[in-house]
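Trainee: Please choose one part of this model and take me through it closely. I would like to see how it is put together and what lies around it, with each term explained when it comes up.

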Amino acid sequence: MIYFLSDAHIGSHAMPDIRGHEARVCSLLRQMGEDATEIYLLGDMFDFWYEFYFGKPDEYTLTLQTLRSLTDRGIQVHYFIGNHDIWTFGWLQQQTGVILHRQPQEMIVAGKRCFLAHGDGLGPSDLLQHYPKPVQRKIRRFMLLRRIFHNPLLQHLFALLPPRWGNRLGYDWAKRSRLKELAHPIGYKGENQEELVLFAKEKEQTTHFDYYIFGHRHIELDLQLVSSARVVILGDMFKQWTYAAMDAQGNLLLENFDF
């Protein structure tokens, strides 16, 4: 089997039981490892991850050990950065053996043509035209923040901070984001307003994919387009506990993890 999951936000200070949540995610990964040939982690597996120059993350021992145990058994684990775990500069791969992807990927998986990405920053070329002005302002602010986070110079400067200072800033920022989302969740916007669906529709005009698989939005979606492509949004691994499983013939189903 081939598994896809995203948005675990391990380590979030908005979680009532941080270590218990990490243990549940790792339990699911170990269960997947029983029959997995590949596992795709599509971003935001950590709520905040930064490899500082004078200190590396030391609070995720269980997760790192679990990922290493999977790759040591020959399971390919693909790790896509999200918007909360952008800042890995080589140490994560060295510790776990994951295959890191910093950009969306076009891949053949089980004979199916797949477009894989976390999903942040993606949308059609005319994205803003689909929304009223207040929403346009929010989108512009997010895109500006995204450019800041991806700026190599600013990443270098932040990495010079003592880890306890940088971690406090990062975890506090991530916590506010998580609490805001939990208080005011944004559900499925509909086929004509959901950014990732609009992106897939535009992409289909030039290149056909069997599957578009995304994280980021924290909604569970399996939508077939007119072109027969399927847009799959994976949900999350802290509230919905949803993931996708694909068999050797390329058949994909969204599943829920039952405790």
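Mentor: Two strands count as paired if DSSP finds at least two bridges between them, and the elements themselves are DSSP runs numbered from the N terminus, with helices being H or I of at least four residues and strands being E of at least two. What you see is a predicted model, in which local features need pLDDT of at least 70 and side-chain atom pairs count only at pLDDT 80 or more, while totals for chains, interfaces and linings use all residues. Residues are numbered from 1 along each chain as its sequence is written, and side-chain values use heavy atoms, with hydrogens and water left out.

The part I would choose is the open sheet of six strands, whose order is S4-S3-S2-S1-S10-S11 and whose pairing is mixed. Because strand S4 (99–101) and strand S11 (252–256) stand at its edges with a single partner strand each, one side of each is left without a neighbour in the sheet. From one strand to the next, the twist averages 20 degrees; angles here run from 0 to 180 degrees between N-to-C directions, with axes fitted to C-alpha atoms, for helices over the stretch in contact. At the S11 edge, strand S10 (residues 242–246) runs antiparallel to S11 and is joined to S11 by five bridges, and within that pair Ala245 stands opposite Leu253 of S11. Helix H1 packs on this sheet, where H1 touches strand S1 (2–5), strand S2 (38–41) and S10, and the direction of H1 makes about 160 degrees with that of S1; contact means heavy atoms within 4.5 Å.

H1 (residues 18–33) also packs with helix H2 (residues 61–72), at an angle of about 5 degrees and with the axes 9 Å apart. This makes H1 roughly parallel to H2, a term for angles under 35 degrees, whereas those over 145 are roughly antiparallel, 65 to 115 roughly perpendicular and the rest oblique. On the H1 side the contact involves Glu22, Ala23, Cys26, Leu29, Arg30 and Gly33, which meet Thr61, Leu62, Thr63, Thr66, Leu67 and Leu70 of H2. By class, the residues of this contact are six nonpolar, four polar and two charged, where Ala, Val, Leu, Ile, Met, Phe, Trp, Tyr, Cys and Pro count as nonpolar, Asp, Glu, Lys and Arg as charged, and the others, Gly among them, as polar.

Several residues named so far turn up again around an enclosed space. A search of the whole structure finds one cavity of 30 Å³ or more, and about 30 Å³ of space lies in the largest cavity. Its lining consists of Leu29, Leu41, Met45, Phe46, Thr63, Leu67 and Tyr79, which by class gives six nonpolar residues, one polar and no charged. On a 1 Å grid over the protein atoms alone, a cavity is a set of points where a 1.4 Å probe fits but cannot get out, a pocket is an open set with protein on both sides within 12 Å along at least five of seven lines, and lining residues have an atom within 4 Å of a point; points are joined across faces, edges and corners, and a volume is the space filled by probe spheres set on them.

For comparison, there is another open sheet, made of five strands in the order S5-S6-S7-S9-S8, again with mixed pairing. The edge strands there are S5 and strand S8 (220–224), each of which pairs on one side only, and the twist averages 20 degrees from one strand to the next. Strand S5 (residues 105–109) pairs with strand S6 (residues 112–117) in the antiparallel sense over five bridges, with Gln105 opposite Leu116 and Glu106 bridged to Phe115. Two residues lie between the strands of this hairpin, in which Ala110 takes a positive phi near 50 degrees. Helix H7 (residues 195–204) lies across S5, S6, strand S7 (211–214), S8 and strand S9 (230–234), and runs at about 150 degrees to S7.

H7 also leads to the largest pocket, since helix H4 (133–150), helix H6 (163–183) and H7 each supply at least two residues of the lining of that pocket.
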